[in-house]
Amino acid sequence: MLWRKNSLKKKELEEMYLYEGLSIRQIADRTGLTRGQVEHLLEKYKIPRRTVAEAMKLKAAREKEEKIQEARFILEETLKQLHVSRRKIKPIVRRNLLVPLRNSSNKDCTVTLVISDLHIGDANHLPDTYWSTISNVKEVLKVIKRQYDIKAFYLVLNGDLVSGRDVYKFQELRNLLERGHWQVFMAEYVIKRTLKELEPLCKVTTVYLTKGTHENLANNFVLYLKRMLGPKTYYLSHGGIVNIAKPLGEYNVFFTHGMSYSEYFPVPPRLMRDCINTISKYRSKNIYIDRVCTSHTHWLTSSVLVGDIYWDVTGGFQKWEHTIFQRPCGVIMYLYNNGECVSIPVRPDPKIEEQEKNDVGLEYKNLKYYGEYLLSHLKEVERR
C-alpha cells in the first residue's frame with residue numbers, strides 16, 4: 001500500500017515509528033513517501049523523535065535478531081545435509097542418570113575420559129575446581145568397577161590445555177607465564193598427576209591429543225608429543241575419529257576442539273556446520289560416526305541429539321569473563337558396554353567451584369600454584 005503525504009494518519013505513523021521501532025528510512029520505504037515527508041509528518045503530529053542513543057539501541061537489537069535468524073537458518077540447512085542413518089540407535093531408558101545399570105550378563109566395557117580447556121598459564125585458571133572434578137571422576141570409576149570389567153581406558157585431551165600466547169591481541173597481559181614451553185611443563189605435570197591419581201582404579205590404555213585454539217604448534221604441541229606421555233600418545237591434529245569401543249566392538253566418536261562462539265547454544269552454528277560436512281564425507285566412504293565431542297565453548301553438555309548424531313560438549317576450567325553467566329565446569333566420560341555407549345558428565349563440588357570463581361585473589365593463588373608445580377617439575381628433571 002502506498003500513502004500520499006496527507007493520507008498517512010497519526011495513529012498509523014505512531015504504530016510504525018513508536019511501536020514497531022522502524023526508522024524514518026524504513027517508514028519511507030514502506031509508505032512510498034520521501035524521508036523529508038516522513039520527518040514533516042512526525043513534526044506535524046508532534047510525535048517525539050528518538051535520541052541518537054535510542055536509535056543505536058534499536059539498531060543493535062535489530063542486528064542481533066537478524067543474526068539469530070541467520071544462525072537458525074544455518075542450523076536448519078546444515079541438518080538437511082545429514083544422510084538418514086543406516087544403523088538405528090535405540091537408547092535404553094536408564095533410571096540411573098549418573099552411571100547406567102548393566103542390562104546384560106556381559107560385564108566387559110571400555111571407559112573414555114575427555115578433558116579440555118584447562119587454560120593452564122592463564123590468570124583465571126581454576127585449579128581447585130579441576131582437582132575436585134578429578135576426585136569425582138574417581139568416584140564414578142569406583143561405581144563403574146562394581147558393575148563392569150574395564151577392558152580399556154582412553155584419555156582424550158581435547159585442546160586448550162594451556163592458555164598459549166599470541167592467540168588474541170594483548171593476551172600476554174593475562175598470561176602469568178609468558179613463555180609457552182613453561183605452560184607445557186605445567187600441563188605435563190598436571191596431566192601426569194591426573195593419571196597417577198586415576199591409576200589405582202584404572203590405568204590409561206591410550207592418550208589422544210587434539211589441537212585447541214590457544215596451542216601454538218611451534219612451541220607447544222611439539223613438546224606435548226615429545227615430552228608428555230610416551231609412545232601410547234596419538235596426535236589427532238584439529239580433529240579425528242577414535243573407536244572408543246576397541247577391543248570390544250566399534251563405536252566411533254569424532255573429537256575436535258572446535259572454533260567460533262555462541263551466547264545461546266553449546267555448539268556454535270559455524271562449528272556444527274563444519275562437523276556435519278565432515279561427517280557426511282566420512283559416511284560417503286562408509287565410515288560411520290556414532291557421536292561427536294567438541295570443546296571450546298566451556299559449556300558442559302551431554303547427549304544433545306543433532307539429526308541422528310549424539311553431540312557432547314566438555315566444560316572448561318577457567319573463570320568465564322565474556323558474560324556475567326559462569327559456564328559449567330566439568331568433563332565427559334563415555335561408558336561403552338554391549339554395543340551401547342552412554343555419556344556421563346562429571347562436575348566438581350559446586351561449593352568449591354563457586355568459591356573459586358568468586359575468589360578476588362585468584363590471580364595470586366595461581367601464581368603460587370604455578371610456582372609450586374614448576375619447582376616440583378624442576379626437581380623431577382634434576383633426578384633424571
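**Close-up views of a predicted model**

**View 1. Strands E5 and E6 pair up in the antiparallel sense.** Five bridges link E5 to strand E6, which covers residues 252-256. Two strands count as paired here if DSSP finds at least two bridges between them. Strands (E, at least two residues) and helices (H or I, at least four) are DSSP runs, numbered from the N terminus. One bridge to look for joins Asn243 to its partner Asn252 in E6. Now follow the side chains along E5, residues 239-243: they alternate. Gly240 and Val242 point to one face and are buried, while Gly239, Ile241 and Asn243 point to the other face and are not buried. Buried means under 20% relative accessible area, exposed means over 50%, and partly exposed is in between (1.4 Å probe, protein chains only).

A quick note on what you're looking at: this is a predicted model, where local features need pLDDT of at least 70, side-chain atom pairs count only at pLDDT 80 or more, and totals for chains, interfaces and linings use all residues. Residues are numbered from 1 along each chain as its sequence is written, and side-chain values use heavy atoms, with hydrogens and water left out.

**View 2. A cis peptide bond leads into Pro247.** Stay with E5 and E6 and look at the loop between them, where Pro247 lies. The bond running from Lys246 to Pro247 is cis, and its omega is near 10 degrees.

**View 3. Strand E2 pairs with E1 and also with E3.** E1 (residues 108-115) and E2 (residues 149-157) run parallel and share eight bridges. Here Asp108 sits opposite Asp149 of E2. Helix H5, residues 127-147, joins E1 and E2 in a right-handed β-α-β unit. Right-handed means that, with the strands pointing away from the viewer, the path from the first strand over the helix to the second runs clockwise. E2 is also parallel to E3 (residues 206-209), with four bridges between them. Across that pairing, Val156 stands opposite Tyr208 in E3.

**View 4. Lys46 has a positive phi although it is not a glycine.** Its phi is about 60 degrees. You'll find Lys46 in the loop between helix H3 (35-44) and helix H4 (52-80). Lys46 is exposed, at 73% relative accessible area.

**View 5. Asn338 is not a glycine, yet has a positive phi.** Here phi is about 55 degrees. Asn338 belongs to the loop between strand E10 (331-337) and strand E11 (340-346). With a relative accessible area of 43%, Asn338 is partly exposed.
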